[in-house]
Amino acid sequence: IRTLLDEGVKVGFASIGLEADKLHEHLRELTDEGDLSDDEILQLLTVNTAEILGSGQTLGQLESGFNASFAVFNSPFLEEKAAVKMVISNGEIHEF
């Protein structure tokens, strides 16, 4: 992944079919094997994925005019102990 990013290839992250309890394992691989920083992983999960899907004008950022869909964690999202506390999607709040 590092090589692709260094060459200017836009890389995103697909979670279709991913078991929720395996998310941290896959994200950790991006750090360990992909040699990505936390900021690069966040970019890959948000802005890059939205742009790849052709929705970069309305998704992928917390900015005025964008649809806000995001998760709130109890600690930094890449930490093993991180747990989702709430998800805000399409104006609806879902607490866990």
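Reader: Which residues make up the largest nonpolar core of this structure?

Author: In this predicted model, the largest nonpolar core is made up of 8 residues in all, namely Val11, Leu27, Leu30, Leu36, Ile41, Leu44, Phe77 and Leu78. Helix H2 (23-32) and helix H3 (38-52) each supply at least two residues of this core. To see how one member sits among the others, take leucine 44, which touches Val11, Gly12, Phe13, Leu30, Leu36 and Thr49 when residues up to four places away in sequence are not counted.

Reader: How should I read burial for a single residue, and is histidine 24 buried or exposed?

Author: The word buried is used for a relative accessible area under 20%, and exposed for one over 50%. Histidine 24 has a relative accessible area of 17%, and therefore it is buried. The place of this histidine is in helix H2, and, leaving out residues up to four places away in sequence, histidine 24 touches Phe77, Leu78, Glu79, Glu80 and Ala82. Two of these contacts, Phe77 and Leu78, are also named in the largest nonpolar core.

Reader: Is alanine 14 buried or exposed, and where is it found?

Author: Alanine 14 is exposed, because its relative accessible area is 65%, and it is found in the loop between helix H1 (2-6) and H2. For a sense of distance, alanine 14 and alanine 68 are 54 residues apart in sequence, while their C-alpha atoms are 18 Å apart in space.

Reader: How does one look for empty space in a protein, and what volume does the largest pocket have here?

Author: Rolling a probe the size of a water molecule over the atoms shows where empty space is left. In this model the largest pocket has a volume of about 1,300 Å³. Of the 33 residues that line this pocket, Leu45, Thr46, Ser69, Phe70 and Ala71 are the closest to its centre. The elements that give two or more residues to the lining are H2, H3, strand E1 (70-73) and strand E2 (84-89).

Reader: Which element gives the largest share of that lining, and how many of the lining residues are nonpolar, polar or charged?

Author: The largest share comes from H3, with 6 residues. Sorted by class, the lining of the largest pocket holds 22 nonpolar, 10 polar and 1 charged residues.

Reader: What should I look for in the strands, and in which sense do E2 and strand E3 pair?

Author: In a regular strand the side chains alternate between the two faces of the sheet. E2 and strand E3 (residues 92-95) pair in the antiparallel sense over 4 bridges. Across this pairing valine 87 stands opposite histidine 94 in E3, and isoleucine 88 stands opposite isoleucine 93 in E3. E1 and E2 also run antiparallel, joined by 4 bridges, and there the bridge partner of alanine 71 is valine 87 in E2. Valine 87 is thus named in both pairings, opposite histidine 94 and as the partner of alanine 71.

Reader: What does the sign of phi tell me, and which residue in the turn between E2 and E3 has a positive phi?

Author: Most residues other than glycine have a negative phi, and most peptide bonds are trans. E2 and E3 form a hairpin with 2 residues between them, and in that turn asparagine 90 has a positive phi of about 50 degrees. Aspartate 35, a residue other than glycine, also has a positive phi, near 60 degrees. The place of aspartate 35 is in the loop between H2 and H3, and this residue is exposed, because its relative accessible area is 53%.

Reader: Where is leucine 62 found, and is it buried or exposed?

Author: Leucine 62 is found in the loop between H3 and E1, and it is exposed, with a relative accessible area of 64%. Leaving aside its neighbours within four places in sequence, leucine 62 is in contact with Ala68 and Phe70. The C-alpha atoms of leucine 62 and threonine 46, which are 16 residues apart along the chain, are separated by 9.8 Å.

Reader: What is the relative accessible area of phenylalanine 66?

Author: The value is 21%, and so phenylalanine 66 is partly exposed, given that buried means under 20%. Phenylalanine 66 also has its place in the loop between H3 and E1, and it touches Gly56, Gln57, Thr58, Leu59 and Gln61 when residues up to four places away in sequence are not counted.

Notes. Residues are numbered from 1 along each chain as its sequence is written. This is a predicted model: local features need pLDDT of at least 70, side-chain atom pairs count only at pLDDT 80 or more; totals for chains, interfaces and linings use all residues. Side-chain values use heavy atoms; hydrogens and water are left out. A nonpolar core is a set of buried Ala, Val, Leu, Ile, Met, Phe, Trp, Tyr and Cys residues joined through side-chain atoms within 4.5 Å. Buried means under 20% relative accessible area, exposed over 50%, partly exposed in between (1.4 Å probe, protein chains only). Contact means heavy atoms within 4.5 Å. On a 1 Å grid over the protein atoms alone, a cavity is a set of points where a 1.4 Å probe fits but cannot get out, and a pocket is an open set with protein on both sides within 12 Å along at least five of seven lines; lining residues have an atom within 4 Å of a point. Grid points are joined across faces, edges and corners, and a volume is the space filled by probe spheres set on the points. Ala, Val, Leu, Ile, Met, Phe, Trp, Tyr, Cys and Pro count as nonpolar, Asp, Glu, Lys and Arg as charged, and the others, Gly among them, as polar. Two strands pair if DSSP finds at least two bridges between them.
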